[in-house]
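Biologist: I've got a model open and I'd like to talk through some of its side chains with you. Could you put it up so we can both look?

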Amino acid sequence: MGKPGVNVESDLSSGSFALWFRKQGKRMLAPHNILGLVLLLILAYLVLAPLWTLLKTTFTWQPTDMRIRGENVVVGEFTTYHWRRVLASNLSKAALWEPLKHTLVVAAGTVVMVVAIGGLLAWLVTRTDLPMRKFISNLAVLPYILPSWTIALAWVQTFQNSKMYMPKGFLEYFTGITVPEWVVFGPFPIIIAMGLHYYPFAFLLISGALSSIDSQLEESGEVLGARRFKIMRRITFPIVLPALTSAVLLAFARAIGTFGTPAILGLPARYTVVSTQIYSFLGTGRDSQGYILALVLMLLSFIGLGINYKLTGTRKSFTTIGGKGTKHNLVKLGKWRTPITVVVVVFLLLVAVFPLFLIAYSSVMLNMGNFNLSNFSLHYWIGESNRAYADGAPGVLRHAEVLGALKNSVSLSVIGGIATGLVGMCIGYVVAKERGRWLAQSLEQLSFVPMLIPSIVFGSIYLALFSRPQWFMPSLYGTFALLVVVTVGKQLPYTARSGVSAMLQVSGDLEEAAVIQGVPWWRRFLKIMFPLTRNGFVAGSLIVLITSMRELSLYILLTTPANRVLTSITYRFIEEGNKQITYAITTLLIITVLVLTMIVNRWQKTDLASGIGGR
């Protein structure tokens with residue numbers, strides 16, 4: 001019996017609480033938890049702080065507003081002027097509503113093209129006896145590896161004509177056919193170019209879903225007398241729906257945030273979308289109004305994510321992979337096998353190969369509009385400065401700014417890839433150790449946020465944060481360091497997913513054995529965990545490396561003459577109208593990206609569409 005006046009239950013409760021508190025304190029002081037908290041602070045600074053700065057900027061007077069409102073402006077003071085000017089003024093139609101309408105039209109058309117082309121190709125490659133499936137798969141994903149504006153430049157060079165007071169394009173020169181201006185500039189070519197660039201999303205995702213479907217499920221429907229359309233609607237479509245909606249979401253998010261293609265094909269026709277309007281606002285000192293448009297694009301992305309979750313997040317689970325082997329009965333194309341193969345290969349050659357050939361050939365044309373071999377010249381590659389050509393700019397291999405931009409691009413891709421890969425592996429390590437707890441969930445969710453933000457919006461967010469000194473950070477605008485930081489922030493979702501996947505495959509027993517031996521935490525990570533997950537680090541880093549080389553929308557607002565990369569200097573020459581120099585730089589960029597991609601594929605022993613069509 002307990003002593004008189006002593007509450008035994010209270011003592012036990014307080015003792016249990018103290019024991020629990022000491023246990024939790026010891027766990028939180030574990031090295032991986034300290035690392036997790038540090039990573040959480042870094043992610044908050046890279047993701048949440050820029051968002052807050054951007055939002056705050058839209059509600060405060062800025063130094064550039066003094067020229068608009070005069071002496072009445074108190075920099076840093078609260079105001080709703082920018083919101084009223086964008087949402088409810090005489091300029092609202094031109095500043096917001098027209099670009100927003102154009103953006104939605106272009107995005108909708110792009111999504112339709114992406115699903116139609118990618119879905120059809122995926123079905124042909126995975127569910128039919130189409131020959132050369134591996135070759136077709138590799139060719140099908142090539143457009144996405146290229147810079148986004150490649151097809152746009154090739155489109156203009158193909159269809160421009162003398163009726164538009166432009167040099168003859170490929171079509172007019174060889175056939176004499178001239179097309180109307182709406183075919184060359186405006187919403188129609190923007191939709192075509194972006195659809196042809198982004199359809200690999202649907203192709204890869206839907207191919208993966210279709211290849212996992214056991215054909216016995218569909219055959220069972222046929223045995224029960226169901227028509228083909230009903231089988232597609234009740235069996236095939238529900239299984240493919242998550243992949244389809246993911247492809248739609250990705251295509252929509254990329255379409256609303258892409259800058260290069262709408263700028264090349266839209267601005268000559270004064271067809272402005274939100275991304276080009278943001279660029280215009282920030283280029284003329286109206287930062288706050290540009291940031292409001294950035295928030296509009298973010299809102300569109302989150303609406304798309306919500307719709308995607310509504311469609312797939314609460315649906316029934318359809319199990320298609322079990323303990324038994326999956327059976328694939330390919331649809332026989334019969335007499336249509338050869339014609340369909342020819343059409344598919346010709347289409348992919350026109351989409352993936354012809355633009356490369358046309359851009360490369362245009363870079364060696366001394367005078368635009370003359371495709372004759374007598375007009376062949378390497379002046380725009382190795383020529384010295386001549387005022388008669390390209391405003392006196394030397395060839396790209398002699399051009400100091402171009403070579404400096406190439407060096408910056410390669411350095412940024414390598415440094416950004418390694419830095420992002422290391423952060424991603426550290427996140428993966430903490431998530432694997434703390435699986436199911438709040439720290440792991442916070443890191444996973446926060447690291448995914450940049451995926452939902454369009455690239456040009458993400459760039460504008462970092463411009464808002466780093467254009468002036470903030471807290472303990474100096475102003476980074478115009479520095480190479482800013483490009484590295486924005487690369488890490490934007491590309492982190494890729495390496496974080498790769499890091500989590502790799503770390504979860506390593507048994508905890510290996511590290512526990514080292515703990516028993518008294519091995520320090522940092523040594524366990526470097527000698528045990530990192531070597532075992534090296535492939536995940538390499539895969540994530542190489543994705544960032546290749547993606548960063550061809551990125552324009554993310555960097556267009558952040559580059560200055562001091563930190564230009566190859567993509568931004570390309571757009572500068574596009575604005576100046578120096579077409580052959582533009583084509584030469586684009587060709588140089590494409591060669592660099594393709595060489596890097598081939599090195600990656602050889603190193604990782606994969607192909608462009610690994611696992612697709614290679615049965």
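Biologist: Which residues does Ser 409 touch, not counting those up to four places away in sequence?

Modeller: Keep in mind that we're looking at a predicted model. Ser 409 sits in helix α18, and at 3% relative accessibility it counts as buried. Leaving out residues up to four places away in sequence, Ser 409 touches Met 549, Val 565 and Leu 566.

Biologist: Leu 566 makes me curious about Thr 570. How far is the backbone oxygen of Leu 566 from a polar atom of the Thr 570 side chain?

Modeller: Thr 570 belongs to helix α25, which covers residues 566-576. Its relative accessibility is 0%, so Thr 570 counts as buried. A polar atom of its side chain and the backbone oxygen of Leu 566 are separated by 2.6 Å.

Biologist: And which residues is Thr 570 in contact with, leaving aside neighbours within four places in sequence?

Modeller: One clue comes from the backbone: the C-alpha atoms of Thr 570 and Ile 585 are 6.3 Å apart, with their positions 15 residues apart along the chain. Ile 585 does turn up among the contacts of Thr 570. With the neighbours within four places set aside, the full list is Trp 149, Thr 582, Ile 585 and Thr 586.

Biologist: Staying in helix α25, how far apart are the closest N and O atoms of Glu 576 and Arg 572?

Modeller: The two are four residues apart in helix α25, so about one helical turn separates them. Glu 576 is partly exposed, with a relative accessible area of 41%, whereas Arg 572 counts as buried at 18%. They form a salt bridge, and the closest N and O atoms are apart by 3.3 Å.

Biologist: Which residues are linked with Arg 572 in a network of salt bridges?

Modeller: Besides the bridge to Glu 576, Arg 572 forms one with Glu 401, where the closest N and O atoms are 2.5 Å apart. That pair links distant parts of the chain, since Glu 401 is in helix α18 and Arg 572 in helix α25, 171 residues apart. Glu 401 itself is partly exposed, at 37% relative accessible area. The residues networked with Arg 572 are Glu 401, Arg 564 and Glu 576.

Biologist: Let's move to another salt bridge. How many residues apart in sequence are the parts tied together by Asp 129 and Arg 337?

Modeller: Asp 129 and Arg 337 form a salt bridge, their closest N and O atoms being 3.6 Å apart. At 14% relative accessibility Asp 129 counts as buried, while Arg 337 is partly exposed at 34%. Asp 129 comes from the loop between α5 and α6 and Arg 337 from helix α16, so the parts they tie together are apart in sequence by 208 residues.

Biologist: That same loop holds Met 132. What is the phi of Met 132 near?

Modeller: Most residues other than glycine have a negative phi. Met 132, which counts as partly exposed at 46% relative accessibility, has a positive one. The value is near 55 degrees.

Biologist: Tyr 165 has a positive phi too. Is Tyr 165 buried or exposed?

Modeller: Phi of Tyr 165 is near 60 degrees, and the residue lies in the loop between α7 and α8. The cut-off for exposed is over 50% relative accessible area. Tyr 165 has 80%, so the word is exposed.

Biologist: Now for the rings. What is the angle between the planes of Phe 174 and Phe 371?

Modeller: There are 24 aromatic pairs in the structure. Phe 174 and Phe 371 make one that is tilted, 5.8 Å centre to centre, with the planes at 55 degrees. Phe 174 is in helix α8 and Phe 371 in the loop between α16 and α17, so the pair ties together parts 197 residues apart in sequence. To repeat the angle, it's 55 degrees.

Biologist: Last one: which backbone nitrogen lies 3.0 Å from a polar atom of the Ser 377 side chain?

Modeller: Ser 377 lies in the loop between α16 and α17 and counts as buried, at 15% relative accessibility. Leaving aside neighbours within four places, Ser 377 is in contact with Ser 363, Val 364, Met 365 and Leu 366. The backbone nitrogen at 3.0 Å, though, belongs to His 379.

Conventions:
Residues numbered from 1 in each chain as written. Predicted model: local features only at pLDDT ≥ 70, side-chain atom pairs only at ≥ 80, totals over all residues. Heavy atoms only, no water. Buried < 20%, exposed > 50% of the residue type's maximum accessible area, 1.4 Å probe, protein only. Contact = heavy atoms within 4.5 Å. Polar contact = N/O pair within 3.5 Å; in protein donor to acceptor, adjacent residues only side chain to side chain. Phe/Tyr/Trp six-rings, centres within 6.5 Å; stacked < 30°, edge-to-face > 60°. Salt bridge = Lys/Arg side-chain N within 4 Å of Asp/Glu carboxyl O.
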